[in-house]
Amino acid sequence: YLGITRIAFRKFFAIYNCFTLLGIYFIGHIAFSSTIGLCAALLFALYSSVPSTWWHFSHSEGYYILPSVIGYFLLTLGLKFDSNYTLLCLFISGLFFGLTFMFKQTSILSTIFVTLFFLMIQDRFSIVLVGLHIIGFLIPTVIFIYYFIFIKKTPWEKIPFSLKSLQIIKNYAKTPMFKKNKTVYHVHRRRLNGIQYDNILILIFAVGSSVYMVQSGMTQGRIIAIWLFMSILSTIASRTYLPYHFIPIIPPAVILTGMAVVNTVRSFILNYNAASIETSICFSALVILAGIFLFHIINDLFFMPGKLMNLFYNGEDNLYSACEDAGKYIKSRTNENDYIYSWGGEPEIYFWSERMCPCYSIFPPVLNPTVFSKDHIAEEYVQITQKKPRYFVVTSLFENFKSFEVFLSQNYRLEKKYDPGVYLFRLKEM
């Protein structure tokens with residue numbers, strides 16, 4: 001409806017995040033007060049457009065925070081009661097957490113695990129509550145498996161829950177991300193610095209509020225504190241630390257920050273004549289952090305779009321733009337049923353070209369050689385040799401995968417290059 005453009009992504013998320021904003025308001029209202037809910041909603045309205053986190057394209061984190069927020073709204077609402085209403089809320093909450101899980105599997109840490117852990121520490125653990133929540137959670141998973149197994153005829157070993165897929169995840173978890181790869185380390189450090197500068201206000205206040213919530217024993221407050229902690233853990237589990245992987249942290253962080261900001265300002269105003277040292281320090285910290293945040297936001301807006309992107313991503317935005325141009329070029333020169341193959345870490349080529357990958361995975365083995373087994377690599381090679389994609393797009397070196405390089409040199413010719421480093425090879429038979 002909005003088209004396939006970067007502007008369309010931003011328009012869609014602007015509309016989509018309005019619903020997320022409402023959910024955040026109601027969680028803040030139920031857990032604390034309407035004032036805190038309003039402050040949290042205003043903070044989310046601001047942080048849902050911070051460029052260092054949201055970037056400029058579509059990603060699963062941007063989609064799944066809405067069902068996640070709805071799930072937490074129902075969870076906080078249900079735990080305020082002790083009746084059949086609680087059972088219904090926990091069942092529907094599990095359903096939305098299941099939808100969240102379908103978007104990204106690491107979200108299981110920040111959804112159903114939070115519920116189970118919270119019910120245990122609050123002495124509200126019961127077979128009925130847990131059973132209904134888990135049943136709701138499993139419904140989207142069952143529908144997913146049924147659709148791909150019986151309708152799309154996908155082999156079981158290609159389903160994310162198969163033993164073969166779990167082995168890939170196991171291998172991925174074993175892959176060192178920092179100790180043996182200094183380049184990856186510096187890339188992550190640069191990305192984290194950009195996120196840290198823009199989000200310093202909510203990060204500090206949310207962590208401080210979480211400690212207070214755990215100590216206070218407030219039921220709804222504890223839920224949100226655990227939600228924040230598990231969202232951070234879920235982000236770490238992704239292990240690539242791209243800026244948009246931090247999006248799930250924002251909803252619980254802005255709610256807790258809203259509570260801290262409102263209570264600090266309220267305490268300072270009500271006790272202005274006899275303000276305590278603690279309140280004065282908190283208010284001063286709030287002013288300083290707000291000033292730092294505004295300084296970086298003004299810089300962001302002033303340097304947009306060129307210098308900011310180069311500052312945050314050190315040329316990565318130029319690569320994404322080149323992939324967009326390459327994808328549109330391929331689309332204009334291929335048919336809808338043609339295959340293309342992207343060798344490198346740029347799967348967006350498939351999106352912009354609207355053409356399918358000949359393999360089950362859109363990520364080639366060169367991205368993480370230790371993750372994919374020899375059988376998987378051999379299978380992918382057979383798939384591209386049999387289906388022979390019309391275009392072979394190269395954005396990475398072949399390294400030890402010489403068979404793929406030989407296949408390229410024998411069957412394709414270079415047709416076009418996009419700076420900085422996107423090479424389009426066309427099938428010689430065409």
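1. Start with the strand pair β3 and β4. In this predicted model, Tyr412 has Leu427 of β4 as its bridge partner. A little further along, Leu414 has Phe425 in β4 as its bridge partner. These two matches belong to an antiparallel pairing of β3 and β4, which counts six bridges. Try finding both pairs on screen before you read on.

2. Now look at the turn. β3 and β4 form a hairpin with three residues between the strands. Which residue there takes a positive phi? That's Gly421, with a value near 105°.

3. β4 has a second partner, too. It also pairs with β2, again antiparallel, and four bridges join β2 to β4. For a landmark, pick Val394, which stands opposite Tyr423 in β4. How much of β4 is covered? Five of its six residues are buried, so you can call the strand mostly covered. While you're looking at strands, here's a handy rule: in a regular strand the side chains alternate between the two faces of the sheet.

4. The same hairpin carries a salt bridge. Arg426 pairs up with Glu415, and their closest N and O atoms are 3.3 Å apart. Arg426 sits in strand β4 (residues 422–427) and Glu415 in strand β3 (residues 412–418), so this is a link between distant parts of the chain, eleven residues apart. Are the two ends buried or exposed? Arg426 counts as buried because its relative accessibility is 17%, and the cut-off for buried is under 20%. Glu415 has a relative accessible area of 25%, so that one is partly exposed.

5. How many salt bridges are there in total? The count comes to seven. Another one to look up is Glu354 with Lys331, where the closest N and O atoms are 2.5 Å apart. Glu354 is in the loop between α15 (348–353) and α16 (374–387), while Lys331 is in helix α14 (residues 316–332), so the pair ties together parts that are 23 residues apart in sequence. Both ends are partly exposed: Glu354 has 38% relative accessibility, and Lys331 has 36%.

6. One more salt bridge is worth a click: Arg390 with Asp338, whose closest N and O atoms lie 3.5 Å apart. Here both residues are in loops. Arg390 is in the one between α16 and β2 (391–394), and Asp338 is in the one between α14 and β1 (340–343), so this pair ties together parts that are 52 residues apart in sequence. Arg390 counts as partly exposed because its relative accessibility is 29%. Asp338, at 12%, counts as buried.

7. Next, jump to Ser110. Where is it? Look in the loop between α5 (84–103) and α6 (112–121). Being in a loop might make you guess otherwise, but Ser110 is buried, with a relative accessible area of 2%. What does Ser110 touch, leaving out residues up to four places away in sequence? The list is Tyr72, Trp227, Met230, Ser231 and Ser234. You can also check a backbone distance: the C-alpha atoms of Ser110 and Ile232 are separated by 8.3 Å, and these residues are 122 apart along the chain.

8. Last stop: the holes. A search of the whole structure turns up four cavities of 30 Å³ or more. The largest has a volume of about 40 Å³. Which residues line the largest cavity? They are Glu61, Tyr64, Lys104, Thr106, Ser231, Ser234, Thr235, Ser238, His245 and Pro248. Two elements, α4 (60–78) and α10 (219–238), each give two or more residues to that lining. α10 gives the most, with four.

9. What sort of residues make up that lining? Six are polar, two are nonpolar and two are charged. You'll also spot some names from point 7: Ser231 and Ser234 are in the lining, and both are among the residues that Ser110 touches. Colouring those two serines is a quick way to get from the Ser110 contacts to the lining of the largest cavity.

Conventions. Residues numbered from 1 in each chain as written. Predicted model: local features only at pLDDT ≥ 70, side-chain atom pairs only at ≥ 80, totals over all residues. Heavy atoms only, no water. 1 Å grid on protein atoms, 1.4 Å probe; cavity = no way out; pocket = protein on both sides within 12 Å on 5 of 7 lines; lining within 4 Å. Points joined across faces, edges and corners; volume = space filled by probe spheres on them. Nonpolar A, V, L, I, M, F, W, Y, C, P; charged D, E, K, R; others polar. Buried < 20%, exposed > 50% of the residue type's maximum accessible area, 1.4 Å probe, protein only. Contact = heavy atoms within 4.5 Å. Salt bridge = Lys/Arg side-chain N within 4 Å of Asp/Glu carboxyl O. Pairing = 2+ DSSP bridges.
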